[in-house]
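The following report describes the strand arrangement, the nonpolar core and the ligand shell of one model.

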Amino acid sequence: MQRTLIIIKPDAVQKKATGKILDRFIEEGFEIKALKMLRFTEEQAKQFYIVHKDRPFYGELVEFMTSGPVVAAILEGENAIQRVREIIGPTDSEEARKVAPNSVRALFGTDKGKNAIHASDSEESASYEIPFIFSGLEVV
Ligand code: CMP
């Protein structure tokens, strides 16, 4: 069993897609081990995405992620990190609609930036991201 972090981003929360997205992962067989709504401060978003600090889109990413509430969850399942990445689809929602039309980003995202959902991309990032968002007491 493996755990991964997802964050339903401000665009998808605003579109009222939270329930549909969570349901998709439940239908796909994952167990929700923790769940909460939060709003990132600028400092928190910068720290969460620190690996991207030198990328040209870093400022835009931080601005977007602080623009409204997000819903974070820990999902557990076999090979969860890779399977969840497959279910969310490519980073760019426009590309996702071409290559993975049933993916979460194809269905609920707009483009490269407003792409509906984040998911940990490796064991290393999951082990940074999960305790960044959830304390031990919040995980069942
Ligand atoms: P996410 O999986 O949350 O991890 C990093 C995020 O950076 C990514 O999803 C995108 O939302 C964002 N991102 C990646 N490339 C670009 C880009 N070219 N322009 C804007 N945002 C980007």
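Isoleucine 7 stands opposite histidine 118 in E4, and E1 and E4 pair in the antiparallel sense over three bridges, where pairing requires at least two DSSP bridges between two strands. The model is predicted, so local features need pLDDT of at least 70 and side-chain atom pairs count only at pLDDT 80 or more, while totals for chains, interfaces and linings use all residues. Residues are numbered from 1 along each chain as its sequence is written.

The open sheet consists of four strands in the order E2-E3-E1-E4, with antiparallel pairing. Strand E2 (31-38) and E4 stand at the edges with a single partner strand each, so one side of each has no neighbour in the sheet. From one strand to the next the twist averages 20°.

The largest nonpolar core (buried Ala, Val, Leu, Ile, Met, Phe, Trp, Tyr and Cys residues joined through C-beta atoms within 7 Å, buried meaning 20 or more other C-beta atoms within 10 Å, with C-beta atoms placed from the backbone) has 32 residues, of which Ile6, Ile8, Leu75, Val84 and Ile117 touch the most other members. Elements that each supply at least two residues of this core include those tabulated here, given as DSSP runs (helices H or I of at least four residues, strands E of at least two, numbered from the N terminus).

| Element | Residues |
|---|---|
| Strand E1 | 2-8 |
| Helix H2 | 18-27 |
| Strand E3 | 70-77 |
| Strand E4 | 117-119 |

The largest share of this core, six residues, comes from E3.

Technical notes. Buried ≥ 20, exposed ≤ 12 C-beta atoms within 10 Å, placed from the backbone. Axes fitted to C-alpha atoms, helices over the stretch in contact; angles between N-to-C directions.
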